[in-house]
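Colleague: I should like to take a close look at a single part of this model, namely its aromatic rings. Please explain how they are arranged, in terms that a first-year student can follow.

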Amino acid sequence: NVTVGSVTYEPSPSSGSSYPGKLINVKFSPVIYYVPITLTNSQASATPSPFQQMITVDSDNYAKYEASGLQNVEFSTAPGGQGTVLDAWIESGNSNTSTSTVYWIKLLNDIPADGSSTIYMNFMPYNVMSSSGPTGEAPQLSSTYAQYDDGASVFNNYWNFAGNTLPSPWVTAGSGETVTVNNGVTISTSTSAWGGIWTTTSYEYNPQAVIADFYGYMSAFTTSTFTASFGYEDTSDSSGIHTLFGIWDSNTGTGYGLGNQNGSNQAVTSLGTQSTNTLYVFSLWRSASSSYASVNYATPVSLSTDFLSETETPLQVEGIGPTLYLQWVRTRAYSPNGVMPSVSIGSLQHT
């Protein structure tokens, strides 16, 4: 047999023939172009494995190689589509004219402490986007809600509230809520009784091991402390007032805050100025000594966690007065010290 590149031929049937013989093995990459992406972990500990890495891409730079909705983009561990194809999810900017497309990539191996790893963004000659991956997108980005939403394949836990019923393990809680699920969930709350949704004590999550992200909003801000919350709740305390850690009304009437409460103890710090009825990504996590939160991945604020020492608590969204809306909720791996590895995008390569 004769191998030329990655093509193998049987010997020519007769001496001197101008034909090389029967083609018996062809290996080729469907990738036409690819771009190396180097991820650098500047922290003294490795990232978890698996790990969700956020990457922001100027898709307009590669518009001539991309489908209009980025349906032909996938990621792999080796150049030119070789290696392992990685699950990915587009959070925003799903257009080849977007200058800021946000991808989340599920890395199967850790990035070493003070080390780096390289993955590859591949441009395929055909669509790869589907509801099961390898590349999908947030539910509201598709013409049919959640048509290409593969978030469950990318994140530790993920809910998009598709359809008309609450997905397991979410259930209603309290007595002052009206919950409407319709490709997203709307929680209308009473001004006289708390109510909302939560994952119950059978489904608890560790805020020291994962980051919880809520994509949603509340309908009104007030100067009262804590009229609504996106976050964690612990019902085991005996005070009658649950322990809470989450995103609250910041008590300024102009935006959200990071808040903690246990019984009569309460603290909140502002996350800046935001608008009501406007979707934001709220991120929550904590260490042994401090809790952290950010809005749309801005520089996080911190607060003492004296009121919440639990490492396994349910997720909750509840209020007393405002209407709350959720598009999706997820948990993802905690990056070392809360610092996402930096991203360096290389030059376009032809396969």
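Modeller: One aromatic cluster is formed by Trp-89, Trp-104, Phe-155, Tyr-158, Tyr-215, Tyr-297 and Trp-328. Please bear in mind that the model is predicted. One member of this cluster, Trp-104, also has a charged neighbour: Arg-330 lies over the face of Trp-104, at 4.6 Å from the ring centre.

The wider setting comes next. Across the whole structure, a search finds 24 aromatic pairs. Among them is the pair of Tyr-65 and Phe-123, which counts as stacked because the ring centres are 6.1 Å apart and the planes meet at 25 degrees, under the limit of 30 degrees for stacking. This pair links distant parts of the chain, 58 residues apart: Tyr-65 belongs to the loop between strand S5 (51-57) and strand S6 (73-76), whereas Phe-123 belongs to strand S10 (residues 115-123). Phe-123 has a relative accessibility of 1% and therefore counts as buried, the cut-off being under 20%.

Another aromatic pair, Trp-89 and Tyr-158, is edge-to-face, with 5.8 Å from centre to centre and 75 degrees between the planes. Here too the pair links distant parts of the chain, with Trp-89 in strand S8 and Tyr-158 in strand S12 (residues 157-159), 69 residues apart. Trp-89 and Tyr-158 are both buried, and both belong to the aromatic cluster described at the start.

Methods
Residues are numbered from 1 along each chain as its sequence is written. This is a predicted model: local features need pLDDT of at least 70, side-chain atom pairs count only at pLDDT 80 or more; totals for chains, interfaces and linings use all residues. Side-chain values use heavy atoms; hydrogens and water are left out. Rings of Phe, Tyr and Trp (its six-membered ring) pair if their centres lie within 6.5 Å; planes under 30 degrees apart count as stacked, over 60 as edge-to-face and the rest as tilted. Helices (H or I, at least four residues) and strands (E, at least two) are DSSP runs, numbered from the N terminus. Buried means under 20% relative accessible area, exposed over 50%, partly exposed in between (1.4 Å probe, protein chains only). A charge sits over a ring if NZ of Lys or CZ of Arg is within 6 Å of the ring centre and within 35 degrees of the ring normal.
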